[in-house]
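Morning, everyone. I have one structure to show today, and I'll take the ligand site before the overall fold. Here it is.

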Amino acid sequence: MQNYKLETGRYSRIEFIAKKTEEPCGFIRLHLGNELVGEYYFKFKGYESYAFDLQKQTEYFVEISGLEFSLCYLCGQENILEEGVKFLTFKENEIIFSGEDGPEKEYEQEFRNRFHFSPYKNWMNDPNGLCFFQGYYHLFYQYNPNGLQWGNMHWGHAVSKDLVHWRHLPVALYPQIELLDAEEFRGGAFSGSAVIRENRMHLFFTRHFGKTDRSWQRQWQMTCISEDGVHFSQETVAVWGTPEGVYYDFRDPKVIEENGVFHMILGGTVHHVPAILDYISEDLDVWNYNGVIFEEKDPAYGISECPDIYPLGGKYVLTAGYIYAHPEQKKSRQDTKYYIGTWENGRFKAEAEGIYDYGRDFYAVQSFEHNGRRISIGWNNGVNEMPGEGSSNGTASIPREMRLENGRLLMTPAEEMRLLEEKPADVRGKVKGLKGYRLEAELPENFKGIFYLAQNECQKVTLTIDGNVIKLITGKEEDACVFHGESYIKDLDVFVDRSLIEIFVNKGAHTCTRRYYLAGQEDGISFDFESDKKVKSLTVKPMKGIFGREKYL
Ligand code: FRU
C-alpha cells in the first residue's frame, strides 16, 4: 500500500491506466481529510482505464494498492487546449509531475526524436483525425500507452496552434472492454479521420475485434462527436456489415465532403484484391454503399490501408498504404502509393502514380485542408526492438504541404518548420554537438558528393549524391535507400533528428524518410561533407525541440 498527497491546483480530473499486480485485488482510493470520496477496484487481467473528477485547489490523499500504472495525468482545467495535460508518475513515496514547461525533459533521451511528434510514452502508429477545429490543429494517433510495441489500440490526442508545437490531451478513444481480459483477442479503436460540420468535430474510425492469431476477426465503422475538441460523445455505429466480396479487411474510414455529399472511403480487399471502397451520406448519419472506386492490381500487394482522396491542382490525388501479399519475402512490409487522376461516376482513374516516399519509414499518411493548404502527416514506423533506452516508439512525420505542378506531386516541409530553426552553424569544418538539424543545399549540375549526416566512432550515416542518383545509408550497405531523380539533384532539404532522417529533394519532387540508430552520439549529432565540386550554398541550422511550453505560439 502506498499513500500520496495530491494537490489539484487548477485541475479537476485525474485519468489513469493501470493493471493489477497481485491477486486478489488492486485498488485506488481518494480521501478528503478523513472522508473516503472515491474508490475503484480493478477488475481485469489487462490494463484498464479509470478517472475521478476532483475539486480544484484541494489536497487529496491517494491510497494505491497492488497496481502498476502505465499512464496517469491531471486534466479538466479550463485552458487545457493551451496547456495540455499534466503527466504524473507514482514513485515510492512521492508523485513526480511533468515539468511546468511541459514534458520537454522526458524527451531528452538518446534516441528520442525532438522535433518530430511522439507520444509522452510508448507506442504510436498512424496519424488519425487530422483537422483544424476552433483555432487548433488536432492530431489523433493510433496509440498503445501500455507498451513499446503495438497493442490494443487507443486514440492518443494532441493539439497545436502552429502545426509544430504540440500539447498532449487526454486519450480520446479506448479499446473495447471485452479486450481487457483476454490475451487471445486483440483490437481496439483502429484508424480513421475527422470531418467538421456545423462547428462540431465528427470522428469516424474502425473497431477491430479478433483472435490474436488472426484466425477470426471483424472490422466495422464507428462515429462520435465533439463540441469542444476535448470531450467526445458516446460512439455509435456508422457502417455495420460488409459488402459482397469483403471478407474481413474493411477499415480506416476517411470522410470528406465533395459537392455537398459526404464520402467515406475505406481500405481493404474486395474478392482478395486490394481495393478502395466508397460509402456516401448526406447527413453523416445514414451511409449507403457506393461501390469500389479503385483497385490496385499489382500482385505484390495484398491489402490496402489508410486511403485518402483530395482535390489538388485541378485533379484528384488518391493515396493508400499497401501491405505486401508476401511480407516475409520483402525487407519492408509495406509501401505508400499516390495516384493522380480523375474521380467521376464513382470511379477513380489514375493518370499517373508513384511511390510516396522512398525511405521505407513513412506510412499511413493522412491529409487535411486548412486555409487553402493541403497538409499531410505520415507515420515513421516503430521498430520491433528498441535499441537501448527509449520511452516511445514511432513518430509522426514533419507536416508536408502538398502541391500539384506540371502533373507532378510535390511535397515540401510546412513553412511552420522554420519556427524551430536556430541560427545557422558554421559549416566550414565538421559541425559537432547538434541535437537535431536542418540542412539545406543548392547543388551545381552533375554534383558528386557525400554528406555525413551523423556519426559515431565506428559508423557514419551517409547521403551520397551522384548526378541524379541519391543513396542514403543508415546501417548496412544492403539496406541503403537508393532512388533516381528525373533530373540532376539540384537541391536538398534534409531534417536529421535523433533517430530519424527526412529528406526532400528538388523542391519536394522526391522524399525519403528513414530511421537510424547510432549509439554513442552523447555529444550530439555531427555533420560533415566532402565533394568534388563547390556547392552553391549550404546551411545547417540546429532545430529546437517541440514540447517546451514557453515555445507555444
Ligand atoms: C496501418 C494499420 C491500419 C489500422 C491500424 C491499426 O498501420 O494497420 O490499417 O487501422 O494500423 O493500428
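**The ligand shell**

Start with the residues around the ligand, sorted by class: five are nonpolar, three are polar and four are charged. A word of caution before going on: this is a predicted model.

Here is the full shell. It holds Asn 125, Asp 126, Gln 142, Trp 150, Met 153, Phe 190, Ser 191, Arg 251, Asp 252, Glu 305, Cys 306 and Tyr 363.

Which side chains place an N or O atom close to a ligand oxygen? Take Asp 126 to begin with. An N or O atom in the Asp 126 side chain is 2.8 Å from an oxygen atom of the ligand. Next, Gln 142. A polar atom in the side chain of Gln 142 sits 2.7 Å from a ligand oxygen. Then Asp 252. For the side chain of Asp 252, the distance from an N or O atom to an oxygen of the ligand is 2.6 Å.

How much of the ligand does the protein cover? On its own, the ligand has 320 Å² of accessible area, and the protein covers 91% of that. Now the elements behind the shell. Four strands each give two or more residues: E10 (122-133), E14 (185-197), E18 (250-258) and E22 (301-312).

**Asn 125, in the shell**

Stay with strand E10 for a moment, since Asn 125 is found there. Is Asn 125 buried or exposed? Buried, because its relative accessibility is 7%, and the cut-off is under 20%. The Asn 125 side chain also makes a polar contact of 3.1 Å with the side chain of Asp 126. So two residues of the shell are joined here; both names are on the list around the ligand. Beyond its neighbours within four places in sequence, Asn 125 touches Tyr 141, Gln 142, Trp 150, Met 153 and Trp 379.

**Two other buried residues**

Cys 72 is in strand E7, residues 67-75. With a relative accessibility of 3%, Cys 72 counts as buried. What does Cys 72 contact, leaving aside its neighbours within four places in sequence? Ile 14, Glu 15, Phe 16, Lys 86, Phe 87, Leu 88 and Phe 90. For scale, take Cys 72 and Phe 527. They are 455 residues apart along the chain, and their C-alpha atoms are separated by 39 Å.

Next, Ser 392. This serine lies in strand E28, residues 392-393. Ser 392 has 10% relative accessibility, so it counts as buried. Its side chain and that of Arg 112 are joined by a polar contact of 3.3 Å. Arg 112 is also among the contacts of Ser 392 outside its neighbours within four places in sequence, along with Ser 118, Pro 119, Lys 121, Asn 122, Leu 148 and Met 386.

**The whole protein**

Now zoom out. How many helices and strands are there? One helix and 42 strands. Of the 553 residues, 61% count as buried. Among contacts with a separation of 6 or more, 60% come from residues 24 or more positions apart.

On dimensions, the C-alpha atoms fill a box of roughly 80 × 60 × 45 Å along the principal axes. The radius of gyration is 24 Å, which agrees with the value near 24 Å for a compact globule of 553 residues. Last, the surface. The accessible surface comes to about 23100 Å², and carbon and sulfur atoms hold 47% of it.

That's the tour. Questions, please.

Note on methods
Residues numbered from 1 in each chain as written. Predicted model: local features only at pLDDT ≥ 70, side-chain atom pairs only at ≥ 80, totals over all residues. Heavy atoms only, no water. Near = heavy atom within 4 Å. Polar contact = N/O pair within 3.5 Å; in protein donor to acceptor, adjacent residues only side chain to side chain. Areas by Shrake-Rupley, 256 points an atom, 1.4 Å probe, with all protein chains shown as cover. Nonpolar A, V, L, I, M, F, W, Y, C, P; charged D, E, K, R; others polar. Buried < 20%, exposed > 50% of the residue type's maximum accessible area, 1.4 Å probe, protein only. Contact = heavy atoms within 4.5 Å. Rg over C-alpha atoms; globule rule 2.2 N^0.38 Å.
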